[in-house]
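Trainee: I have a model open and want to walk through it. Can we take it piece by piece?

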Amino acid sequence: MAGHSKWSNIKHRKGAQDKKRAQLFTKLAKEVTIAAKEGGKDINFNPRLRLALEKAKKQSMPKDNIDRAIKKGTGELAGVEYIEIRYEGYGPGGTAFIVEVVTENKNRSASSVRSNFAKNGGNMGSDGAVAWMFNKVGQIIMNSEGLDADEFMMEALEMGAEDLVVEGDTFEILTDHTELQTVVEALTEAGYKYEEAEIVMLPENMVKVEDEEMAEKVVKLFEALEDNEDVNDVYANFDISDELMEKIMG
């Protein structure tokens with residue numbers, strides 16, 4: 001599990017540099033709309049919406065955008081009919097990718113995701129092609145400054161967490177995907193602040209990519225998929241060292 005943060009760091013580094021705020025807000029709004037449609041607008045009875053709103057607020061998404069997205073989900077405002085689709089595929093060097101899409105046009109999304117794979121040394125697979133290599137889990141990221149890892153792990157386990165991964169100055173708390181909200185609430189009540197909390201697809205085993213040229217190809221595919229307007233999340237099982245990642249990402 002420890003390798004997971006290596007590739008998720010791309011998102012964090014990229015997020016810090018990414019100036020495409022409009023694209024980010026569009027993706028966040030889609031998640032809010034779907035969550036509201038699925039479980040209503042009361043966050044006390046809709047954990048998915050609560051997490052989506054927290055994520056949107058952490059990214060400084062304007063309140064008007066959030067309110068509109070909720071109303072589109074509940075039908076108070078007219079909106080497009082979004083559908084969620086998962087695509088699976090293979091990247092360079094035997095890496096595996098899961099691509100989660102939210103779209104109003106299934107044909108367009110399938111074509112663009114397939115094109116992303118084809119143009120970047122990968123190929124899209126059938127349903128179930130790589131999903132068996134991943135586990136659906138809750139993931140909470142928080143700063144570990146001033147905290148003892150062993151002590152905190154015992155506390156987190158008592159709150160319902162399943163594992164703790166220490167990565168530099170970051171704690172990555174892993175939960176059963178159905179328990180994410182419960183653990184988030186327990187952490188908050190105990191006075192801890194977290195940076196991110198979401199349900200992710202965590203690879204069971206990582207594929208080490210040590211060749212610079214291959215690493216560049218893998219990251220290029222990852223970024224192409226991330227930049228696809230219909231793609232909400234990308235998960236992959238590659239493990240690129242921090243040193244190599246710094247080198248290829250400048």
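Mentor: Yes. Remember that this model is predicted. Start with two rings: Phe222 is buried, and Phe238 is buried too.

Trainee: What kind of aromatic pair do Phe222 and Phe238 form?

Mentor: Phe222 lies in helix H8 and Phe238 in strand S10 (residues 238-239), so the pair ties together parts 16 residues apart in sequence. The ring centres are 5.8 Å apart, with 85 degrees between the planes. An angle over 60 degrees counts as edge-to-face. So the Phe222 and Phe238 pair is edge-to-face.

Trainee: How many aromatic pairs does the structure hold?

Mentor: Phe222 with Phe238 is one aromatic pair. Phe97 with Phe117 is also an aromatic pair, edge-to-face at 6.2 Å centre to centre and 90 degrees between the planes. The structure's count of aromatic pairs is five.

Trainee: Is Phe97 buried or exposed?

Mentor: Phe97 lies in strand S2 and pairs with Phe117 of helix H5, so parts 20 residues apart in sequence are tied together. Phe117 has a relative accessible area of 0% and is buried. Buried means under 20%. Phe97 is at 0% relative accessibility, so Phe97 counts as buried.

Trainee: Which residues do ring pairs link into a cluster?

Mentor: Phe97 pairs with Phe117, and Phe222 pairs with Phe238. Ring pairs link these into a cluster: Phe97, Phe117, Phe222 and Phe238.

Trainee: Which element gives the most to the largest nonpolar core?

Mentor: That core has 24 residues, and Phe97, Val113 and Phe238 have the most contacts inside it. Elements giving two or more residues include strand S1 (83-91), helix H5 (106-119) and strand S9 (231-236). The top contributor, with six residues, is H8.

Trainee: Which residues does Val113 touch, leaving aside neighbours within four places in sequence?

Mentor: Val113 is among the residues with the most contacts inside the largest core. Its contacts beyond those neighbours are Tyr87, Val99, Val101, Met124, Leu225, Asn228 and Val231.

Trainee: How many residues are in the other core?

Mentor: This core lies apart from the largest one. Its members include Ile140, Met142, Ala156 and Leu187. The number of residues is 17.

Trainee: Over what arc do the buried residues of H9 lie?

Mentor: The buried residues of H9 are Leu244, Met245 and Ile248. They sit on the same side of H9, because of the arc they cover around the axis. Glu243 and Lys247 are exposed on the other side. The arc of the buried residues is only 100 degrees.

Trainee: How far apart are the end C-alpha atoms of helix H3?

Mentor: H3 has twelve residues (47-58). At 1.5 Å a residue, H3 should span 16 Å. The distance between its end C-alpha atoms agrees with that: 17 Å.

Trainee: What do the buried residues of H3 pack against?

Mentor: Those buried residues are Leu49, Arg50, Leu51, Ala52, Leu53 and Ala56. They pack against helix H2 (21-39), helix H4 (63-74), helix H7 (180-189) and strand S7 (196-203).

Trainee: How many bridges join S4 and S7?

Mentor: Six of the eight residues of S7 are buried, so S7 is largely enclosed by the rest of the structure. Phe134 has Pro203 of S7 as its bridge partner. Strand S4 (residues 134-143) and S7 pair in the antiparallel sense, and the number of bridges is eight.

Notes. Residues are numbered from 1 along each chain as its sequence is written. This is a predicted model: local features need pLDDT of at least 70, side-chain atom pairs count only at pLDDT 80 or more; totals for chains, interfaces and linings use all residues. Side-chain values use heavy atoms; hydrogens and water are left out. Helices (H or I, at least four residues) and strands (E, at least two) are DSSP runs, numbered from the N terminus. The expected span of a helix is 1.5 Å times one less than its number of residues. Buried means under 20% relative accessible area, exposed over 50%, partly exposed in between (1.4 Å probe, protein chains only). Contact means heavy atoms within 4.5 Å. Two strands pair if DSSP finds at least two bridges between them. A nonpolar core is a set of buried Ala, Val, Leu, Ile, Met, Phe, Trp, Tyr and Cys residues joined through side-chain atoms within 4.5 Å. The arc is that of the directions from the helix axis to the C-beta atoms. Rings of Phe, Tyr and Trp (its six-membered ring) pair if their centres lie within 6.5 Å; planes under 30 degrees apart count as stacked, over 60 as edge-to-face and the rest as tilted.
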